[in-house]
Amino acid sequence: MSVLNHMCDDQPECPLCMEAFEVDDLNFFPCTCGYQICRFCWHRIRTDENGLCPACRKPYPEDPADFKPLSREEVAKLKAEKRHKHQQKKNKITEDRKVLNNMRVLQKNLVFVVGLPNRISEAETLKKHEYFGKFGKILKVVINQSTSYIGTQGPSASAYVTYSRCEDALRAILAVNNVIIDNRVLKASLGTTKYCSNFMKNQPCPKTDCMYLHEMGEPEASFTKDEMQQGKHQEYEKKLYEQYNVVLRYVITGLEVSHF
């Protein structure tokens, strides 16, 4: 058998140890039945085990039935072809991921709230039970002190509140959305995130605390910017409420609003 019979996109593996064949193993067929294994497993079977072919159960001959060592030129050619195929595959992944630059993925456990008064716009404050902590376990709070939210009542902040459970995030949205605090209306919805630029380039991300996506998001939770402007993501959010059968257990009364 020829090594050319094994040239494919995926490197073949030894059926016993499941390791990829070394280059010299590609032309190694120790039994007359043609069952191929790597030289390491062949040596182990002959020296430490029963010496029988795992496929046909015949004793292995002293010398491999079919083995022609590759020349240096053949080895170099195979390695070059492998590098070329690897680069082609990498380039294709990068090209396919370019479209992700225009995608946003809804995060089921992430609440995005806009209009927070600056007096409570601190992560530890929002984690308290009288604020967002009452709806469930909070994993992380990120405050955005952006001037883009300046209104008639002065500057306000936005926040991303990450819960451990989706249903807790949905309850928080139901309770907080459209609540009036300090004469301003809070708006809450599921937060979105985008793909990390390193992921889109098929490169490892050097940031250990990177907040962007490093794996493909759920297709049904992924939307283009145009689709989000059309409100498609809101339809998905409504389906989540139905899926989790969220009931508003927290009614924010005038007394509770005063905490904000």
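In this predicted model, E124 is a convenient place to begin: with a relative accessible area of 54%, E124 is exposed. Its carboxylate partner is K127, and the closest N and O atoms of this salt bridge lie 3.6 Å apart. K127 itself counts as partly exposed, at 32% relative accessibility, so the pair joins a residue above the 50% cut-off for exposure to one that falls between 20% and 50%.

The E124 pair belongs to a wider set, since a search of the whole structure finds nine salt bridges. Another of them brings together the side chains of R39 and D25, at 2.9 Å from N to O. This contact links distant parts of the chain: R39 belongs to helix 1 (residues 39–48), D25 to the segment before strand 1 (28–29), and 14 residues separate the two. The two ends differ in their surroundings, for R39 is partly exposed at a relative accessible area of 32%, whereas D25 is buried at 5%.

Helix 1 also holds R46, whose side chain meets that of E62 in a salt bridge of 3.4 Å, N to O. Because R46 lies in helix 1 and E62 in the loop between helix 1 and strand 2 (66–67), the pair ties together parts of the chain that are 16 residues apart in sequence. R46 is partly exposed, with a relative accessible area of 28%, while E62 is exposed, with a value of 62%. Beyond these pairs, R165, E167, D168 and R171 are linked in a network of salt bridges.

One member of that network, D168, is placed in helix 4. D168 is buried, since its relative accessible area is 3% and the cut-off for burial is under 20%. Leaving aside residues up to four places away in sequence, D168 touches F135, G136, K137 and Y163. R171, another member of the network, is likewise listed among the buried residues of helix 4, together with C166, D168, A169, L170, A172, I173, A175 and V176. Nine of the 11 residues of helix 4 (residues 166–176) are thus buried, so the helix is largely enclosed by the rest of the structure. The packing partners of these buried residues are strand 3, strand 5, strand 8 and helix 7 (232–244).

The same helix features in the nonpolar interior. The largest nonpolar core has 41 residues, and those with the most contacts inside it are V111, V113, F132, Y163 and Y195. At least two core residues each come from strand 3, strand 4, strand 5, helix 4, strand 8, helix 5 (197–200) and helix 7. Helix 4 provides the largest share, seven residues. Of the residues with the most core contacts, Y163 is also one of those touched by D168. Y195, for its part, touches L100, M103, V105, M200, Y212, L213, E215, M216, G217 and S222, not counting residues up to four places away in sequence. A second, separate core of 13 residues includes C38, C41, C53 and Y60.

Helix 4 is followed by N178, which has a positive phi, near 70 degrees. N178 is in turn one of the residues touched by V185, along with V114, G115, V179 and I180, when residues up to four places away in sequence are not counted. V185 is found in strand 7 (residues 184–185) and counts as partly exposed, at 40% relative accessibility. The contact with V114 spans 71 residues along the chain, and the C-alpha atoms of V185 and V114 are separated by 8.5 Å.

Attention turns finally to the open space in the model. The largest pocket has a volume of about 810 Å³. Its lining comprises 31 residues, with Q107, L110, T192, T193 and M211 nearest the centre. Two or more lining residues are given by strand 3 (103–117), strand 4 (138–144), strand 5 (156–163) and strand 8 (187–193). Strand 3 gives the most, with eight residues. In chemical character, the lining of the largest pocket divides into 15 nonpolar, nine polar and seven charged residues. Strand 3, strand 5 and strand 8 thus appear both in the pocket lining and among the elements against which the buried residues of helix 4 pack.

Conventions: Residues numbered from 1 in each chain as written. Predicted model: local features only at pLDDT ≥ 70, side-chain atom pairs only at ≥ 80, totals over all residues. Heavy atoms only, no water. Salt bridge = Lys/Arg side-chain N within 4 Å of Asp/Glu carboxyl O. Helix = DSSP H or I, 4+ residues; strand = E, 2+ residues; numbered from the N terminus. Buried < 20%, exposed > 50% of the residue type's maximum accessible area, 1.4 Å probe, protein only. Contact = heavy atoms within 4.5 Å. 1 Å grid on protein atoms, 1.4 Å probe; cavity = no way out; pocket = protein on both sides within 12 Å on 5 of 7 lines; lining within 4 Å. Points joined across faces, edges and corners; volume = space filled by probe spheres on them. Nonpolar A, V, L, I, M, F, W, Y, C, P; charged D, E, K, R; others polar. Core = buried A, V, L, I, M, F, W, Y, C linked by side-chain atoms within 4.5 Å.
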